[in-house]
Every structure is written in C-alpha cells, then in structure tokens.
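Hello,

Here is the structure I promised to pass on. Please open it before you read my notes below.

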Amino acid sequence: MISELTAMLHMYQMNMQIRLINMLILIIIWMSYTKTRKLPFRSSRYFNVVLWLTSINMIFDVWSVYGVFHLNAISAETNRMIHFLFMGTLICVLASTYFYILSMEEFGNMKLKSMLTVVRILPLFVCLVGMSISEVHYYSGADGAYSYGTMTNFAYVAIMFYYIAALVCVVRNCKKWSTERLINIFAGFFIWGGCVIIQFHTKTILISGTGLMLMLLLNYLAFEDPKVYVNSENGNFNEIAYRKMLIEQFKKKRPFEVFQVTFKEFNVVHGRYGHEICQKILMDLSRIIEEQIGARIYSIEEETIAFMMEHRCMKCEDVLKEVLEKTEYDWVHNDNLIHITGVFYQISCPTDVTDMAGLEDTFSFMKKYQNQEERILRADTKLLEEKKRYATIINMLEYAIDNDGFEMVYQPIFSTKEKDFHSAEALVRLKDKETLGFVSPEEFIQIAEKENLIMQVGEAVLSKVCSFARENSLIEKGIRYIEVNLSGVQCIDQGLPKQIEGVLKKYGLPYDFINLEITETAAVESGEMLALNMDKLMKKGVAFSMDDFGTGYSNLAQMAEVNYELIKIDKSLIWYCYPQQRKILKKDEAENLVSEGVKKSKVILDQVIHLINKLDLKIVAEGVETEEMVSMLTDAGVEYLQGYYFSRPLGEVDFMNFIQQQ
Ligand code: C2E
Ligand code: CA
Ligand code: CA
C-alpha cells in the first residue's frame with residue numbers, strides 16, 4: 001500500500017514536471033510572438049486564436065492532472081467540470097489548428113465556403129453537447145492515471161476528426177509550401193500523434209500536452225516566423241507580406257486605398273550618399289506615416305514603401321493632408337541638409353483597380369509620369385484613360401513592327417541659295433488610323449522609347465526611307481540627302497552603327513545620303529556612348545544634324561565640339577518672332593508682346609543665325625509658315641527653310657509629284 005502511494009506520488013511529480021516543460025515551451029512561443037510585429041494576414045489571426053486556446057488548455061491540463069491524483073480532495077462535480085473543460089478546450093485547439101491551416105488555402109466560392117464552415121464546425125458542437133451530458137470516470141493507481149467513459153469517447157472522436165482533417169488539408173496544399181515548411185508541419189502532427197499513443201499505452205506518462213506544445217512551436221516556425229515577412233534592412237514588412245496582404249484584401253470586397261511612397265530627391269541622394277542613406281530616409285518616412293496613420297508599412301522596392309488604408313472617409317483626407325505636410329522636411333546627414341519631399345501615389349480599390357496585376361500595372365504606369373509636380377498622384381478616371389491609351393499604343397506599335405504598320409511622310413526642305421528642294425525630312429506615321437485616330441509621333445515615339453521598342457521602330461523607319469529612295473531613284477532626281485530622326489535612346493544603343501550600316505548596304509545607298517537628326521537635349525544627355533556611335537558613323541560618311549536647337553540646354557560648347565553638319569533652329573524660337581502670324585498667343589497678349597518680347601526674340605534669332613554661320617555650319621529653320629518668315633529668315637542668312645509655307649509632310653506619291661514639278 002505504501003509502495004503504491006510512493007509510486008503514485010512519484011508519477012504525479014513526474015507529470016507535473018512535464019507540465020513545467022510544456023509551460024516553458026509555451027512561454028518561449030508567447031515571448032517571440034509578442035516581441036515581433038504582427039502579420040496582417042487572415043491566417044495569423046487564426047494562429048492567435050490557436051495560441052490562446054492552447055494556453056487555456058494548458059491550465060486545465062495541469063488542473064485535471066491534479067484532479068486525477070487527488071480524487072478525494074476535490075468534489076466529483078468540480079473534477080467532472082475540470083475534465084470537461086480540459087477535453088473541450090483540447091478539441092477547440094485541434095479544431096482551430098485545422099481552421100488555421102485551412103485559412104492559408106485560397107478561398108473561391110463564398111457561398112460554398114460558408115456551408116462548408118457549418119459542416120466543419122458541427123463535430124465540435126455535437127461532441128461538446130454530448131460531453132456535457134455524458135459520464136466520466138477516473139482511475140488512478142500505481143499502473144497509471146486516466147479518465148474514461150462516454151465523455152472521453154466523445155472527445156476522442158472529435159479530436160480524431162480534426163486531426164485527420166488538418167492532415168488532409170496539409171497534404172492538399174503540399175505543392176504550395178516549401179519543403180522546410182512541410183517538414184515542420186508534418187513533424188508537428190506526428191510528434192503530437194506519437195505523444196498521444198505513448199500516453200495511451202503507458203497510462204503513466206501523460207505527455208500529450210507536450211506534443212501539443214511542440215506542434216504549436218513547429219507551426220509557428222513554419223508559418224508565423226516574422227523573419228519571412230520582414231525586411232531586415234529597415235524593419236518594415238517586405239514585398240512578400242505586401243502581396244499576401246493585398247491578395248487577401250481584394251478578396252474581402254471592401255473598399256480600400258493603396259499608397260506607394262517614394263521621395264523626389266531619390267536619384268540625387270542615391271548618387272551622392274548611396275543605398276544605405278536612401279534606406280534610412282525611407283525608414284524615417286515610414287515612421288512618420290506609421291505615427292500619423294497607424295498603418296503597416298511595407299518596403300516593396302529599393303526606393304518605394306507602401307501602405308494600405310481601409311476606409312474612404314473625410315477623416316482619411318485630413319490625416320493624409322497632415323502626412324503630406326510632415327513628409328516634406330529637412331533631413332540631416334553629416335552636417336548636410338537633405339531636403340526630402342515624399343511623393344505619394346494612390347489607387348482606390350476595387351473601384352479603379354480590381355486585382356493585384358492591375359494594381360502593379362497602374363502603379364508602374366503612374367511612376368512613368370516623371371516631372372510629377374503634385375505631391376500626391378491619384379489614379380483618377382483621366383489617368384486610367386491615359387493608361388488604357390498607353391497600352392493600346394504599345395499594342396499598335398508591336399503590331400506595326402511585325403506587320404509593316406509604319407509609313408513615312410517627307411517634308412521638303414527649301415534651299416534659299418539654289419531656290420530649289422534638294423533634301424527632305426522623313427517623319428514617321430502609324431498606318432492604323434482607326435483604333436485611336438491620328439496618333440502623333442511625338443506621343444508614340446516616347447512610348448516606344450519607354451517600352452524598349454524604339455530600336456525596332458528606328459530600323460523600320462530607316463528601311464522604309466531607304467527602300468523608297470532606292471525604288472524611286474531619289475538621288476538621280478536631285479535629292480542629295482534625307483534627314484532621319486533619331487531618338488535619345490537610339491543614340492546610346494551600341495547596336496546603332498551596325499543597324500544603320502546594315503540597312504544602307506541592303507539598299508545599296510551611300511552613307512552620305514542619310515543625315516541623322518539628334519535633338520539637342522538627347523545629345524547633351526547621351527554622353528560618351530553617343531560620341532562613340534557618332535564617331536563610327538561619321539567615319540563612314542553619315543552626317544549629323546542638331547535638331548530643335550534653342551529648346552533644350554542650348555549647349556554651345558557641344559555645338560563646337562561635335563561635328564554637326566547642320567543646325568535646325570526650333571520652330572518655337574522662330575514663332576516667337578511672329579506671334580501674330582502664328583496665333584500662338586491670345587490677341588491682346590500678342591499685341592503687348594509685339595513691342596518688347598518680339599524685339600528681343602528677333603535679336604536672339606539674328607544673333608543665333610549669325611553665330612551658326614560663323615561656325616560654318618548649315619542652318620535649317622523649321623516651322624516656316626508665312627511669306628514674311630521666308631523673306632526675313634532668308635535676309636538673316638538662313639540657307640535652308642522647312643515648313644508648311646513650302647509643303648506639309650507628304651506621302652510617298654505626293655512627295656514624288658512635288659519634286660518632279662520643281
Ligand atoms: P521634329 O523632328 O521637330 O519634326 C518636325 C515637326 O514639325 C513635324 O511634326 C512636322 O510635321 C512639324 N512641322 C514642320 N513644319 C511645320 C510648320 O510649318 N508648322 C507646324 N505647325 N508644324 C510643322 P511631326 O511629324 O508630328 O513630328 C513630331 C516629332 O516626332 C518630330 O519633331 C520628331 O521629334 C518625332 N518624330 C517624327 N518622326 C520620327 C522618326 O521617324 N523617328 C523619331 N525618333 N522621331 C520622329
Ligand atoms: Ca527632326
Ligand atoms: Ca525639330
């Protein structure tokens with residue numbers, strides 16, 4: 001009898017020590033969980049429930065073990081209650097673990113989902129009700145301690161049900177999760193299952209609770225470890241978290257706003273101080289926004305942070321105003337003041353954009369709007385229309401590249417000395433005039449540049465010009481060269497000289513038949529690569545013209561340094577000397593300008609012409625529309641004139657007729 005009592009005491013102490021270990025594991029999970037930032041996912045909210053239920057279950061576990069070993073000290077009613085609560089919360093833990101794993105699955109059909117939820121919760125309710133009205137008995141002796149009876153049987157059924165259901169769910173999602181995650185989650189289930197079996201057989205070592213804690217720990221490491229979702233550099237959530245959060249948000253079908261924030265001075269700061277300082281500034285912006293709005297901040301690209309706001313209300317507008325104010329400030333770095341201007345991009349979902357792909361598309365489109373003056377750019381109807389147009393133009397360009405969809409028009413250039421036309425500027429058009437009506441090359445060339453299509457457009461342009469010249473024997477008919485426009489992006493492409501050589505050779509045309517026009521701005525910005533390309537082509541005999549002179553940097557040094565053959569004075573410079581004729585100004589404005597501004601413009605133009613002549617460069621004046629302009633420019637010493645006065649850009653047939661009539 002005494003030895004049995006000693007054995008029982010020993011068993012009781014051992015089981016209480018096991019519970020101490022359980023508690024330790026739980027404390028570790030809680031500490032790690034509370035210390036780190038909360039993940040904004042549906043599944044994480046379920047995990048929170050699992051964690052709480054497990055903690056409550058642990059308390060009842062300790063209590064029920066105490067109860068079994070002290071049957072005489074506790075009333076039967078209380079003991080029954082404790083056992084009911086222990087087993088009930090255990091079922092809840094298993095059920096919530098099942099729902100937790102389920103919450104990581106994609107959910108499609110909402111109606112079906114609600115019906116399934118009822119079916120999934122049913123065993124829990126049936127068993128809890130069954131348990132509450134059924135019997136439980138206890139045994140404790142030297143060979144073990146346990147409870148038995150209908151109440152326990154009900155609990156076994158429910159536990160088995162949720163255990164198997166959870167395992168099935170894991171197997172179903174096998175492909176979606178990494179091996180590491182799968183190992184963790186399977187190990188968790190098998191450890192708990194193993195502990196239950198050991199307890200069932202020995203009846204002396206009550207370690208199912210330890211199994212439960214270990215399972216929880218492994219699930220935590222597999223799915224809730226915040227390291228996966230946090231940017232270690234700046235402590236914000238990362239892009240994985242951002243995407244996961246938004247995908248869930250879209251499914252809720254409630255309105256929300258997504259913001260991306262960068263700062264205007266990013267390029268300069270990055271160039272001067274490097275990546276780390278940029279990160280620090282973004283962190284600073286993050287903290288300000290966090291404080292003001294209380295939103296979670298995500299670092300999604302090197303230079304961008306993002307956040308989401310759920311409700312669209314007047315208060316949001318006020319808070320935003322304040323955020324805008326606070327995100328323009330001076331930042332001090334090593335005694336240097338850096339002025340920071342946070343720039344916000346805002347998209348309303350699901351009104352304007354209904355899915356993740358659309359959101360990404362729209363943000364990247366918005367960011368292409370450089371020189372953005374406003375502090376906050378909203379994806380309003382106008383912007384979305386523009387985005388649609390932009391996408392349509394990309395399609396048109398791609399189609400035109402593959403299906404000979406470009407055509408060239410030629411604007412004759414008049415020689416004031418020879419009183420004749422010996423050259424022309426080739427200008428590109430899209431054949432497709434149905435989809436969007438006439439689209440100006442000014443618009444589609446820019447898009448081709450941004451979308452990496454410009455080299456293909458350039459090749460098509462040059463091929464068309466050359467084949468036209470060849471077929472119609474332009475050289476024999478007195479056309480000495482054709483001016484072909486090059487965009488800034490083409491200028492710095494290493495493949496440019498080869499491309500031009502290839503096309504000229506293919507059509508058997510001499511190199512000096514092509515005169516490449518480079519806008520002044522592109523020339524200044526292109527730097528060394530352009531110099532290299534120009535050098536290669538010039539050596540072969542290709543000539544260059546500086547286009548749009550007077551609109552960009554007016555870089556006179558460049559003009560002297562680079563061997564341009566021709567300078568094209570931009571039409572705006574000329575038009576400012578003739579405001580009334582051009583009607584570019586309102587009538588009364590024009591009258592006022594006639595006196596002062598126009599006089600000055602004329603002085604500038606005269607001096608520019610004089611300067612270019614002094615440098616022995618040819619001059620083309622663009623945008624010549626009236627007889628007065630012709631005579632004034634001729635008198636001022638301009639050798640070549642181009643403009644509507646002589647001819648608009650002409651299609652191939654019209655151009656041939658035009659030069660043959662001369
Ligand atoms: P740009 O090189 O400055 O071309 C001159 C533009 O002025 C042409 O517009 C021409 O039609 C227009 N123009 C000429 N004379 C007059 C005039 O007297 N009055 C008025 N109001 N306008 C006149 P377009 O054809 O719309 O071309 C616009 C721009 O698109 C060009 O400006 C050029 O930058 C670009 N572009 C056109 N074709 C090509 C091309 O084949 N390749 C590249 N890269 N760019 C091109
Ligand atoms: Ca041009
Ligand atoms: Ca021009």
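My notes cover the ligand site and then one helix.

Keep in mind that this is a predicted model.

Start with ligand 1. The protein covers 88% of the 790 Å² of accessible area that the ligand has on its own. There are 24 residues around ligand 1. Gln 411, Arg 429, Lys 571, Glu 625 and Tyr 644 come nearest. By class, the shell holds 10 nonpolar, six polar and eight charged residues.

Where does the shell come from? Five elements each supply at least two residues: strand 10 (420-430), helix 14 (441-450), strand 11 (481-486), strand 13 (543-549) and helix 20 (571-575). Strand 10 gives the largest share, four residues.

Now the polar contacts, each with an oxygen atom of ligand 1. A polar backbone atom of Tyr 644 lies 2.8 Å from such an oxygen. For Asn 485, a polar side-chain atom is 3.1 Å away. For Glu 425, an N or O atom in the side chain is 3.2 Å away.

Next, helix 24, residues 652-661. Which of its residues are buried? They are Phe 655, Met 656, Phe 658 and Ile 659. These four sit on the same side of helix 24, because they cover an arc of only 160° around the axis. In general, an α-helix has 3.6 residues a turn, so residues three or four places apart point the same way. On the other side of helix 24, Val 653 and Gln 661 are exposed.

What covers the buried residues of helix 24? The cover includes strand 9 (406-415), strand 10 and helix 15 (454-471). Strand 10 thus appears in both parts: it supplies residues to the ligand shell and helps cover helix 24.

Best wishes

Definitions and conventions:
Residues numbered from 1 in each chain as written. Chains lettered and ligands numbered in written order. Predicted model: local features only at pLDDT ≥ 70, side-chain atom pairs only at ≥ 80, totals over all residues. Heavy atoms only, no water. Near = heavy atom within 4 Å. Polar contact = N/O pair within 3.5 Å; in protein donor to acceptor, adjacent residues only side chain to side chain. Areas by Shrake-Rupley, 256 points an atom, 1.4 Å probe, with all protein chains shown as cover. Nonpolar A, V, L, I, M, F, W, Y, C, P; charged D, E, K, R; others polar. Buried < 20%, exposed > 50% of the residue type's maximum accessible area, 1.4 Å probe, protein only. Arc of directions from axis to C-beta. Contact = heavy atoms within 4.5 Å.
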